[in-house]
Amino acid sequence: MSTVTEFVDVNVPVRTAYNQWTQFEEFPRFMEGVSEIRQLDDTHTHWKTEIAGIKREFDAEITEQLPDERVAWHATDGEKQAGVVTFHRIDDTHTRVTVQMDFDPQGFVETAGDKLGVIDRRVKSDLHRFKEFIESRGGIETGAWRGQVDRPGI
């Protein structure tokens with residue numbers, strides 16, 4: 001397993017950053033290689049990706065979601081990955097968004113890309129595009145889901 005951790009500071013309140021992140025179907029607008037995400041229900045999504053010419057589809061489950069704090073997930077089939085996005089209030093109008101993701105590179109291309117830091121750079125670029133996306137909208141999110149998903153076992 002490999003791990004990537006990246007962050008970006010966005011010029012919007014924590015509530016706005018979190019609200020936008022809960023709009024998973026908007027991810028293709030700022031995530032390179034993500035062609036489609038469908039929200040199946042409150043805790044399940046279906047992803048279509050194409051990275052380095054490799055097309056994949058997989059389902060993911062949200063395992064924890066605390067408004068304005070965190071969203072955690074893991075893939076339930078296909079991709080072996082899990083992660084968490086956390087939202088840290090810097091002040092009333094600035095938020096640090098941090099992504100930590102664990103994944104298992106498949107095949108030569110993904111393993112080589114991981115060793116060369118391609119995945120880290122991709123996540124960093126995606127976060128910067130998220131920053132540009134939400135800031136260019138004047139800090140107005142495209143929607144919000146304020147529900148809570150408790151961590152299993154709680």
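Q: Two strands pair if DSSP finds at least two bridges between them; in this predicted model, which residue of strand 7 is the bridge partner of Phe-7?
A: Strand 1 (residues 2–10) contains Phe-7 among the side chains that point to one of its two faces. Strand 1 pairs with strand 7 (residues 94–103) in the antiparallel sense, over nine bridges. Within strand 7, the bridge partner of Phe-7 is Thr-98.

Q: Which side chains of strand 1 point to the buried face?
A: In a regular strand, side chains alternate between the two faces of the sheet. Strand 1 shows this alternation: Thr-3, Thr-5, Phe-7 and Asp-9 point to one face and are not buried. The side chains that point to the other face and are buried are Ser-2, Val-4, Glu-6, Val-8 and Val-10.

Q: Which strands are the edge strands of the open sheet?
A: Seven strands make up the open sheet, with antiparallel pairing and the order 1-7-6-5-4-3-2. An edge strand here is one that pairs on one side only, and this holds for strand 1 and strand 2.

Q: What is the average twist from one strand to the next?
A: The value applies to the open sheet of seven strands, whose pairing is antiparallel. From one strand to the next, the twist averages 20°.

Q: What angle does the direction of helix 1 make with that of strand 6?
A: Strand 6 (residues 81–91) runs antiparallel to strand 5 (residues 70–75), and five bridges join the two; one partnership is that of Val-71 with Val-85 in strand 6. Helix 1 packs on the sheet, where it touches strand 1, strand 4 (54–66), strand 5, strand 6 and strand 7. The direction of helix 1 makes with that of strand 6 an angle of about 160°.

Q: How many of the eight residues of helix 1 are buried?
A: A residue counts as buried under 20% relative accessible area. In helix 1, this applies to Val-14, Thr-16, Ala-17, Tyr-18, Asn-19, Gln-20 and Trp-21. Helix 1 is therefore mostly covered, given the cut-off of 20%, and its buried residues number seven.

Q: Which element gives the most residues to the largest nonpolar core?
A: The largest nonpolar core has 33 residues, and Trp-21, Phe-27, Trp-47, Phe-87 and Val-97 touch the most other members. At least two residues each come from strand 1, helix 1, strand 2, strand 4, strand 5, strand 6, strand 7 and helix 3. With five residues, the element that gives the most is helix 3.

Q: Which residues does Trp-47 touch, leaving out those up to four places away in sequence?
A: Trp-47 is one of the members of the largest nonpolar core that touch the most other members. Beyond its neighbours in sequence, Trp-47 touches Phe-27, Met-31, Val-34, Glu-36, Ile-37, Arg-56, Glu-57, Phe-58 and Ala-60.

Q: Is Glu-36, the partner of Lys-48 in a salt bridge, buried, partly exposed or exposed?
A: The closest N and O atoms of Lys-48 and Glu-36 are 3.5 Å apart. Lys-48 lies in strand 3 (residues 44–51) and Glu-36 in strand 2, so the salt bridge ties together parts twelve residues apart in sequence. Lys-48 is partly exposed at 28% relative accessibility. With a relative accessible area of 28%, Glu-36 is partly exposed.

Q: How many residues apart are Glu-32 and Arg-129, whose side chains meet in a salt bridge?
A: The N to O distance of this salt bridge is 3.6 Å. The pair links distant parts of the chain, with Glu-32 in the loop between helix 1 (14–21) and strand 2 (34–41) and Arg-129 in helix 3 (residues 118–136). Glu-32 is partly exposed at 42% relative accessibility, and Arg-129 is partly exposed at 27%. Their separation in residues is 97.

Q: Which residues do salt bridges with shared partners join into one network?
A: Arg-129 also meets Asp-126 in a salt bridge, at 2.4 Å from N to O. Both lie in helix 3, three residues apart, which is about one turn of the helix. Asp-126 is buried, with a relative accessible area of 11%. The network joined through shared partners consists of Glu-32, Arg-122, Asp-126 and Arg-129.

Q: What is the C-alpha to C-alpha distance between Gln-148 and Val-71?
A: Gln-148 is found in the segment after helix 3, and its contacts beyond four places in sequence are Gln-65, Leu-66 and Pro-67. Gln-148 and Val-71 are 77 residues apart in sequence, yet their C-alpha atoms are separated by 9.5 Å.

Note on methods. Residues numbered from 1 in each chain as written. Predicted model: local features only at pLDDT ≥ 70, side-chain atom pairs only at ≥ 80, totals over all residues. Heavy atoms only, no water. Salt bridge = Lys/Arg side-chain N within 4 Å of Asp/Glu carboxyl O. Helix = DSSP H or I, 4+ residues; strand = E, 2+ residues; numbered from the N terminus. Buried < 20%, exposed > 50% of the residue type's maximum accessible area, 1.4 Å probe, protein only. Pairing = 2+ DSSP bridges. Axes fitted to C-alpha atoms, helices over the stretch in contact; angles between N-to-C directions. Contact = heavy atoms within 4.5 Å. Core = buried A, V, L, I, M, F, W, Y, C linked by side-chain atoms within 4.5 Å.
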